[in-house]
Amino acid sequence: MVRIPEPAKRLSASARIRSREALEQALDRVFDEPFDVPDAQTAARMLTGAARPPAGALIRFIEGQALVRLGTQVARLASRSRAASAAARVAAIPASAEAGAVAGASGAAAGAAGSVGAAALAAAAVTAATRTTRTVGRGLTDVRILASYLASRGREQGVVLEKPLLRALTLAVYTDPRRHVDFRLAGPRGATSIFARWTRDAVATPSEARRREDVTAWIGAVDRLDLTGLAAQWTRR
């Protein structure tokens, strides 16, 4: 079992709070502003990027401070994973290999070898940051589309999905379409589940084939929901 160094375990409490607040603000916008998604085909086109969801205040918000804060939190969480640690070690190989090759050589040569490793680490950091930003931005857009599709299906069936219920249903579908609906996702547990998914995706970006599988699973899960029964359960809980 890989032991995680103590410095890697200690995330700033204030940073975690700011990240969670940013996510909650973003989710508020998502569930406050659902738009019309008339059918599964339209939802699939939007989720695969073949059609863009309407832009507005939400998109500008995501592109601002919230995206930065959420990306930072996801990057920190991802950096603690075994996969991320392995990637960092691979990126550092040029430095150690070069340093070994020039053992006994001049200090200048050793410094040059170290710079190769530093450049590799810097490139890896840029790649990781770009991947994380893309993961968070795309993830929020996915949640927005799924929430809108759910809200549209509710209207079509004459079912009023209260905002907390819409949030719980959407996040259950998004984080694991195989799971039973968990009403607790309407609260803080929902933010935790999103961070967990984004961390996995930031460490290993899903392939296009996996992405298509996810979209199919999400839409299938939405279509299987008994919205009338779930709304009744929500009211009785």
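This text goes through the fold, the aromatic pairs, the salt bridges and two threonines of a predicted model.

The protein has 237 residues, of which 40% count as buried. Its secondary structure consists of 10 helices and zero strands, so the order of elements from the N terminus is simply one α after another, α-α-α-α-α-α-α-α-α-α. Contacts reach far along the chain: when residues at least 6 apart in sequence are considered, 76% of the contacts join residues at least 24 apart. The accessible surface comes to about 12600 Å². Carbon and sulfur atoms account for 56% of that surface.

The aromatic side chains come next. The structure holds three aromatic pairs. One of them is formed by Y174 and W218, whose ring centres are 5.3 Å apart and whose planes meet at 35°, a tilted arrangement. Y174 belongs to helix α7 (residues 163-175) and W218 to helix α9 (residues 208-224), so this pair ties together parts that are 44 residues apart in sequence. Y174 is buried, because its relative accessible area is 2%, under the 20% cut-off. W218, at 1% relative accessibility, counts as buried too.

Another aromatic pair joins F183 and W234, again with 5.3 Å centre to centre, but edge-to-face, with 85° between the planes. F183 sits in the loop between α7 and α8 (188-203), whereas W234 is in helix α10 (residues 227-236), so the contact ties together parts 51 residues apart in sequence. W234 is buried, with a relative accessible area of 5%.

Rings from both pairs also have a charged partner. The charged end of R197 sits over the ring of Y174, 5.1 Å from the ring centre. R237 lies over the face of W234, and here the distance to the ring centre is 3.5 Å.

What is the count of salt bridges in this model? It comes to 11. One of them is formed by R167 and E24, with the closest N and O atoms 2.7 Å apart. R167 lies in helix α7 and E24 in helix α2 (residues 13-32), so the bridge ties together parts that are 143 residues apart in sequence. The two ends are not equally covered: R167 is buried at 8% relative accessibility, while E24 is partly exposed, with a relative accessible area of 21%. The value for E24 is to be read against the cut-off, because buried means under 20%.

D142 and R211 form another salt bridge, also with 2.7 Å between the closest N and O atoms. This pair links distant parts of the chain, D142 being in helix α6 (residues 107-157) and R211 in helix α9, 69 residues apart. Both D142 and R211 are buried.

Helix α9 takes part in a further bridge, in which the side chains of D214 and R197 meet at 3.0 Å, N to O. D214 lies in helix α9 and R197 in helix α8, so the pair ties together parts that are 17 residues apart in sequence. D214 and R197 are both buried. Their bridge is part of a network of salt bridges that links R197, D201, R210 and D214. R197 thus appears twice in this account, in the salt-bridge network and over the ring of Y174.

Two threonines remain to be described. T199 lies in helix α8. Is T199 buried or exposed? T199 is buried, because its relative accessible area is 13%, under the 20% limit. Leaving out residues up to four places away in sequence, T199 touches V74, L77 and A78. Those three partners fall within the range of helix α4 (57-79).

T48 lies in the loop between α3 (40-47) and α4. With a relative accessible area of 42%, T48 is partly exposed. A polar atom of the T48 side chain lies 3.3 Å from the backbone oxygen of R45. T48 can also be placed relative to a remote part of the chain: its C-alpha atom and that of E208 are separated by 9.2 Å, although the two residues are 160 apart along the chain. E208 falls within the range of helix α9 (residues 208-224).

Technical notes:
Residues numbered from 1 in each chain as written. Predicted model: local features only at pLDDT ≥ 70, side-chain atom pairs only at ≥ 80, totals over all residues. Heavy atoms only, no water. Helix = DSSP H or I, 4+ residues; strand = E, 2+ residues; numbered from the N terminus. Buried < 20%, exposed > 50% of the residue type's maximum accessible area, 1.4 Å probe, protein only. Contact = heavy atoms within 4.5 Å. Areas by Shrake-Rupley, 256 points an atom, 1.4 Å probe, with all protein chains shown as cover. Polar contact = N/O pair within 3.5 Å; in protein donor to acceptor, adjacent residues only side chain to side chain. Phe/Tyr/Trp six-rings, centres within 6.5 Å; stacked < 30°, edge-to-face > 60°. Lys NZ or Arg CZ within 6 Å of the ring centre and 35° of its normal. Salt bridge = Lys/Arg side-chain N within 4 Å of Asp/Glu carboxyl O.
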